[in-house]
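Please walk through this structure with the model in view. The path goes from one residue to the contacts between copies.

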Protein chains: 4
Amino acid sequence: MIIMRKGATEDDIAGVVTDIKSHGLGVDVSKGEIRTVIGIIGDETRISATHLETLPGVKEVRLVETPYKLINREYSALFDGKTESRVVKVGKIRIGGDQPVYIAGPCAIEGKQQLMQIAAEVKGAGAHILRGGVFKPRTSVHSFQGLGSNPDEARQALEWLKEAGEKYNMPVITEIRGESHVELVSEYADILQIGSRNMYDQDLLIAAAKTRKPVLLKRHFGASIEEFLSFAEYIAASGNKNIILCERGIVPVGKGKSYTRYTLDLQAIPVVQKETYLPILVDPSHAAGRRDLIMTMSMASIVAGASGLEIEVHYNAKEAKCDGQQMITAKELAKLIEQCNLLHQNLLLFRKENRAGECIN
Amino acid sequence: MIIMRKGATEDDIAGVVTDIKSHGLGVDVSKGEIRTVIGIIGDETRISATHLETLPGVKEVRLVETPYKLINREYSALFDGKTESRVVKVGKIRIGGDQPVYIAGPCAIEGKQQLMQIAAEVKGAGAHILRGGVFKPRTSVHSFQGLGSNPDEARQALEWLKEAGEKYNMPVITEIRGESHVELVSEYADILQIGSRNMYDQDLLIAAAKTRKPVLLKRHFGASIEEFLSFAEYIAASGNKNIILCERGIVPVGKGKSYTRYTLDLQAIPVVQKETYLPILVDPSHAAGRRDLIMTMSMASIVAGASGLEIEVHYNAKEAKCDGQQMITAKELAKLIEQCNLLHQNLLLFRKENRAGECIN
Amino acid sequence: MIIMRKGATEDDIAGVVTDIKSHGLGVDVSKGEIRTVIGIIGDETRISATHLETLPGVKEVRLVETPYKLINREYSALFDGKTESRVVKVGKIRIGGDQPVYIAGPCAIEGKQQLMQIAAEVKGAGAHILRGGVFKPRTSVHSFQGLGSNPDEARQALEWLKEAGEKYNMPVITEIRGESHVELVSEYADILQIGSRNMYDQDLLIAAAKTRKPVLLKRHFGASIEEFLSFAEYIAASGNKNIILCERGIVPVGKGKSYTRYTLDLQAIPVVQKETYLPILVDPSHAAGRRDLIMTMSMASIVAGASGLEIEVHYNAKEAKCDGQQMITAKELAKLIEQCNLLHQNLLLFRKENRAGECIN
Amino acid sequence: MIIMRKGATEDDIAGVVTDIKSHGLGVDVSKGEIRTVIGIIGDETRISATHLETLPGVKEVRLVETPYKLINREYSALFDGKTESRVVKVGKIRIGGDQPVYIAGPCAIEGKQQLMQIAAEVKGAGAHILRGGVFKPRTSVHSFQGLGSNPDEARQALEWLKEAGEKYNMPVITEIRGESHVELVSEYADILQIGSRNMYDQDLLIAAAKTRKPVLLKRHFGASIEEFLSFAEYIAASGNKNIILCERGIVPVGKGKSYTRYTLDLQAIPVVQKETYLPILVDPSHAAGRRDLIMTMSMASIVAGASGLEIEVHYNAKEAKCDGQQMITAKELAKLIEQCNLLHQNLLLFRKENRAGECIN
């Protein structure tokens with residue numbers, strides 16, 4: 001990465017670009033409000049930093065760089081002088097703002113009746129955004145894939161979702177699993193969700209980004225944080241910074257039973273908040289895979305600094321067509337939201353008191 | 001899974017289907033040459049095996065089942081009475097037949113000159129199929145993404161690939177990274193490759209399957225063998241059993257250095273061959289990420305029973321735009337093919353001598 | 001496992017034992033206050049549950065069993081009718097009681113001056129137990145191994161530790177790394193700590209157990225929860241149930257950077273509390289490996305239900321001979337304890353209000 | 001690490017040592033036949049490389065170093081000018097020499113009859129060294145722990161092992177699980193084995209090393225190669241370089257079934273051979289945990305360059321008190337040894353032909 005001086009001219013920039021290309025390398029020019037940064041694409045060892053630093057207009061050369069820079073808090077400060085966290089707005093809802101945001105609803109939309117009932121219940125419990133899956137990414141092709149597996153039912157289910165959202169005054173979110181879903185889903189959904197298994201699908205990320213809608217990206221269960229952020233960068237690089245990250249658990253370690261479906265990585269919350277300016281939520285339902293841990297881990301997530309939670313709710317867990325064992329009821333959700341908001345108030349107070357950097361965090 | 005008797009009538013089958021649906025469950029009917037098998041989609045615990053076994057035409061009920069059955073060797077025997085391994089034919093090349101198949105070529109197509117030279121060299125070294133990447137799935141959006149990132153260059157690169165294949169009489173293989181590539185690539189390529197990062201992309205698998213072309217599916221570096229086979233099942237469930245599997249390494253364990261990019265799981269070869277009737281290849285280049293292990297691990301792969309190898313070759317590793325450190329030369333490839341064929345002859349002889357099951361394997 | 005009836009006689013028990021042995025299997029007889037439970041050692045498939053259930057005095061046969069039963073909450077109820085959580089008492093300190101317990105001190109004892117100063121400071125900050133390493137388990141034999149690597153200095157360091165504990169009225173804890181340390185260390189320490197790398201050392205666990213002192217066992221960074229509890233069972237099986245468990249992070253997943261040394265598994269807290277009656281602490285210092293996450297993760301740990309924290313403290317992190325980058329100051333510790341206690345009060349209140357099982361947890 | 005010049009005097013060395021200590025750091029002086037190398041113990045960032053290079057007698061300063069240097073091939077060349085691989089001699093058997101070495105026998109010694117019969121059989125099959133477990137490291141304290149769990153039976157079992165070895169002219173190997181076993185076992189065994197679960201047990205490694213007997217160290221199933229070699233270094237640092245390494249599988253990745261107990265990492269063979277001068281064996285029995293993979297993976301291991309194999313053998317797998325499902329018969333072992341020797345001849349020939357570095361490996 002070559003950081004140009006503030007007053008560097010177009011000629012200076014063109015000179016650096018030409019020089020890099022003459023070494024058989026590609027370039028990636030990012031013009032920020034404050035300065036221009038030039039990235040090298042290809043094997044950086046073919047070129048000398050010392051040589052680059054002699055070129056006109058060059059301020060500094062950093063040859064080891066991060067795979068994500070557009071969403072990077074430090075780079076953002078460098079380009080545009082902006083250091084604050086980003087709030088993603090969806091209607092009147094502000095994700096990453098002062099209050100935790102709760103996304104709730106069924107794992108899968110099973111019918112209009114089911115969706116309307118749950119929508120009414122989660123709204124009553126205090127949820128802000130309604131979720132409901134239409135295209136379900138399952139490990140087994142022989143498992144229930146959502147109503148989306150039938151093209152007519154897909155549109156029907158999305159219409160119900162939109163209707164439920166409008167009736168109960170909640171923005172709606174649903175998953176896209178393939179590029180071919182993007183156009184249809186973006187007619188109806190306010191936020192496009194990309195599930196854990198699809199985090200690595202670069203072209204799906206690009207297609208979602210191009211709708212300009214907010215994109216909620218879940219961490220793959222086998223991905224490091226660096227990989228997670230590198231794939232979020234695909235969305236930003238397609239011109240869409242309305243990105244909401246979501247931690248939902250990673251594969252357990254070791255031999256023998258872990259007693260949960262995944263390991264919830266709560267350190268990811270403060271780490272992601274230091275590395276990027278993007279909001280990060282937690283999905284405790286999929287991480288635990290069992291309802292008896294959801295209250296505890298929701299509380300811990302909020303205290304760890306999460307900007308909100310995504311939680312699966314059903315009025316009758318035994319009837320749910322997928323993931324029944326991790327569903328909670330709306331009554332339980334109401335209790336959860338009340339308690340999490342209380343803890344969040346406490347956290348805000350603590351941060352305010354320690355604002356002057358007296359504390360380690 | 002409900003296994004019907006050989007003489008079960010259409011009425012018997014319809015009766016079972018109706019019964020299952022009355023419990024709010026979905027069905028998946030597979031009619032083989034020998035018998036019909038009915039899968040239950042949804043929560044099987046809602047229905048009793050004892051009850052199902054009383055229905056007319058039902059032979060046996062197995063309530064715990066594998067997420068992959070169409071590619072399963074045991075199920076295949078059950079459906080169609082077929083137990084032999086499948087040979088995937090690409091022109092005159094037989095993958096999974098009596099001889100190892102070698103796929104070789106550059107990581108990425110960088111230009112016509114480069115591709116033609118490497119094609120000539122790998123043909124001379126004994127390769128059967130030419131590889132060359134156009135759409136490269138990279139972790140960083142800022143890394144070189146292949147010529148495919150420019151729509152005009154994508155078609156141009158694919159034309160060169162087809163031309164090189166025709167000139168040197170080799171079928172050609174290249175990666176598809178998103179659904180939108182499938183139509184274009186299938187105009188030119190003889191085999192569609194789905195890379196490790198895209199293994200979980202169900203809709204990409206379905207789109208690839210529908211071209212009816214052979215699909216080479218690489219194991220994701222964080223996937224268990226069960227997951228690997230479950231996603232291959234998505235291809236088979238879309239009506240395409242011309243599937244070639246490929247082991248290319250999984251994430252290393254533990255803290256500290258592993259000295260290789262991935263851990264090559266050679267036990268996967270005999271395991272996959274027992275579980276399915278599909279051929280499995282090995283890609284030692286990506287597993288090691290360093291050229292000095294490629295000869296050794298190629299030999300070990302062949303002895304472990306792999307049906308062939310996919311190897312990255314470049315005449316000038318230092319100039320390669322991606323993965324230069326794992327490229328070997330065509331001269332080295334020739335030596336590798338010669339030695340692997342020798343070991344394979346030895347293996348055939350050993351298997352022939354022990355054919356009567358005298359040996360543990 | 002064969003569960004005997006409440007009124008089963010010695011003859012009944014002897015009859016079952018003889019029967020099992022006649023099948024070439026071993027037995028493990030556990031006599032609780034309520035009933036006797038007989039475990040089978042060896043391959044249980046050699047014997048039929050149906051057969052065993054016909055023997056006099058047998059109530060029930062369960063052939064799939066857990067590798068830990070002495071520390072298992074459910075088994076404890078079965079044996080002794082006890083269901084409550086266990087409080088481990090160390091002097092006046094109660095671990096697993098109503099209040100969180102804070103263990104603090106330097107990673108390694110470097111000298112008397114250093115230890116005394118830190119002891120005074122952490123006491124002032126509100127810590128209950130003083131930690132200080134003498135025998136340090138390091139990955140590299142060439143790293144600083146603690147004063148314990150010199151036999152004379154080992155005893156000297158332990159004397160300082162005891163003196164500091166007495167002066168500031170705190171019980172003391174230090175690590176044992178090998179069986180040969182057990183006798184010496186148990187002359188001085190109130191709690192014996194077994195570090196993450198040594199979790200699998202069965203004979204070290206047994207030797208520690210036999211001192212009858214409380215043993216703090218840290219989870220190995222590659223161990224599942226089932227393995228963690230299975231090795232804690234080695235301590236209980238040697239007659240010592242004064243076991244304190246400690247979660248300290250597991251190896252991160254995936255390729256690329258995780259930005260923390262380990263992944264802190266906070267779901268382990270409620271899981272371990274359901275599986276066993278033992279208290280579990282969290283060590284956020286080693287999990288993060290960086291001081292800026294310690295406050296946040298301490299708060300999240302307490303809210304997740306941890307019975308306390310173990311935290312590394314140094315007055316001058318830059319001078320610390322090991323792990324300097326994760327040390328906090330005593331001033332920061334004071335703030336941390338204050339805030340964690342506040343959150344714990346909140347948690348107690350929440351649990352009290354929801355005691356009647358109205359809530360999911 | 002400070003590399004001294006060849007002619008550096010004792011005063012030069014003392015000067016460097018004094019300088020390092022004045023910065024509050026420890027030192028580790030290694031005097032080789034060619035030159036002296038001084039290691040820094042502690043935080044190397046406190047001292048400047050540029051400053052150290054000005055001191056008399058200093059040739060070069062390398063501040064980033066490996067945690068293992070005594071067993072490192074490159075460092076060995078630096079110290080002593082030795083570059084060749086090390087052959088560990090046990091009686092007339094040469095491990096790491098020109099021929100593969102086969103260690104075989106039962107998982108656990110169950111009785112004299114059983115051991116004598118298996119010893120006779122494996123000798124007849126071509127094995128060189130007899131194995132038999134007395135102290136079994138098991139995950140569950142309630143599983144069969146070997147005859148060693150009874151002190152009288154421990155000595156008895158070891159006497160049988162020695163007797164069997166003498167009768168059939170094979171050196172014998174058995175596991176030590178705790179420091180307290182070392183003295184007893186070293187009276188009888190020719191090689192001390194340290195199992196996977198005990199790899200991290202530094203004090204056990206040190207105690208084993210001090211017997212001066214060859215030590216076979218198995219890689220922990222959660223350890224990276226760097227960790228594996230770092231713990232082997234504990235043995236070398238205690239003055240014993242008769243170290244035999246053994247790869248036996250690492251934990252599988254991902255969700256779902258892997259169909260084997262562990263993932264066998266055969267890339268570890270060439271990697272370890274480049275990093276160290278020590279021989280490395282493979283244990284395919286524990287890696288697979290199922291007998292039908294053992295022949296295939298043994299062949300692959302030899303072709304990958306392993307110096308031999310350790311294989312569990314029993315005449316009646318169903319009766320075996322542990323790990324029965326992975327036992328093969330002596331008849332199968334004979335076939336395995338014959339085939340592996342044939343492949344090894346082929347490998348030697350290939351290496352001889354390519355000795356001049358014509359090939360990539």
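Asn354(D) counts as buried, because its relative accessibility is 8% and the cut-off for buried is under 20%. This is a value from a predicted model. Where does Asn354(D) sit along the chain? It belongs to the segment after helix H12 of chain D, and that helix spans 330–353. The side chain of Asn354(D) has a polar partner in the backbone: one of its polar atoms lies 2.7 Å from the backbone oxygen of Phe350(D).

Now step back to whole chains, starting with chain D and chain B. A turn of 180° and a shift of 0.0 Å along the axis lay chain B on chain D, with an RMSD of 0.1 Å. The two copies are thus related as by a two-fold rotation axis. Which C-alpha of chain B is nearest that axis? It is the one of Ala300(B), at 2.3 Å. The contact residues of chain B recur in chain D at 100%, and the same surface serves both copies.

Next comes the pair of chain C and chain B. Here, too, a rotation does the job: chain C goes onto chain B by a turn of 180° with a shift of 0.1 Å along the axis, and the RMSD is 0.1 Å. Val253(C) is the residue of chain C that comes closest to the rotation axis, its C-alpha being 4.1 Å away. The copies meet through the same surface, because 100% of the interface residues of chain C are also interface residues in chain B.

How many residues take part in this contact? Seven residues of chain C touch seven residues of chain B. The size of an interface is often given as the accessible area lost when the parts come together. For chain C and chain B, the buried area is about 460 Å². Carbon and sulfur atoms give 66% of it. On the side of chain C, three residues lose the most area to chain B: Val251(C), Gly254(C) and Lys255(C). Together they account for 74% of what that side buries.

What classes of residue does chain C bring to chain B? The touching side has four nonpolar residues, one polar residue and two charged residues. Across this interface, the rule finds zero salt bridges. Polar contacts do occur between chain C and chain B: two residue pairs are found, both at pLDDT 80 or more.

Conventions:
Residues numbered from 1 in each chain as written. Chains lettered and ligands numbered in written order. Predicted model: local features only at pLDDT ≥ 70, side-chain atom pairs only at ≥ 80, totals over all residues. Heavy atoms only, no water. Helix = DSSP H or I, 4+ residues; strand = E, 2+ residues; numbered from the N terminus. Buried < 20%, exposed > 50% of the residue type's maximum accessible area, 1.4 Å probe, protein only. Polar contact = N/O pair within 3.5 Å; in protein donor to acceptor, adjacent residues only side chain to side chain. Least-squares fit on C-alpha atoms with pLDDT ≥ 70 in both. Contact = heavy atoms within 4.5 Å. Buried area = accessible area lost by both parts, 1.4 Å probe. Salt bridge = Lys/Arg side-chain N within 4 Å of Asp/Glu carboxyl O. Nonpolar A, V, L, I, M, F, W, Y, C, P; charged D, E, K, R; others polar.
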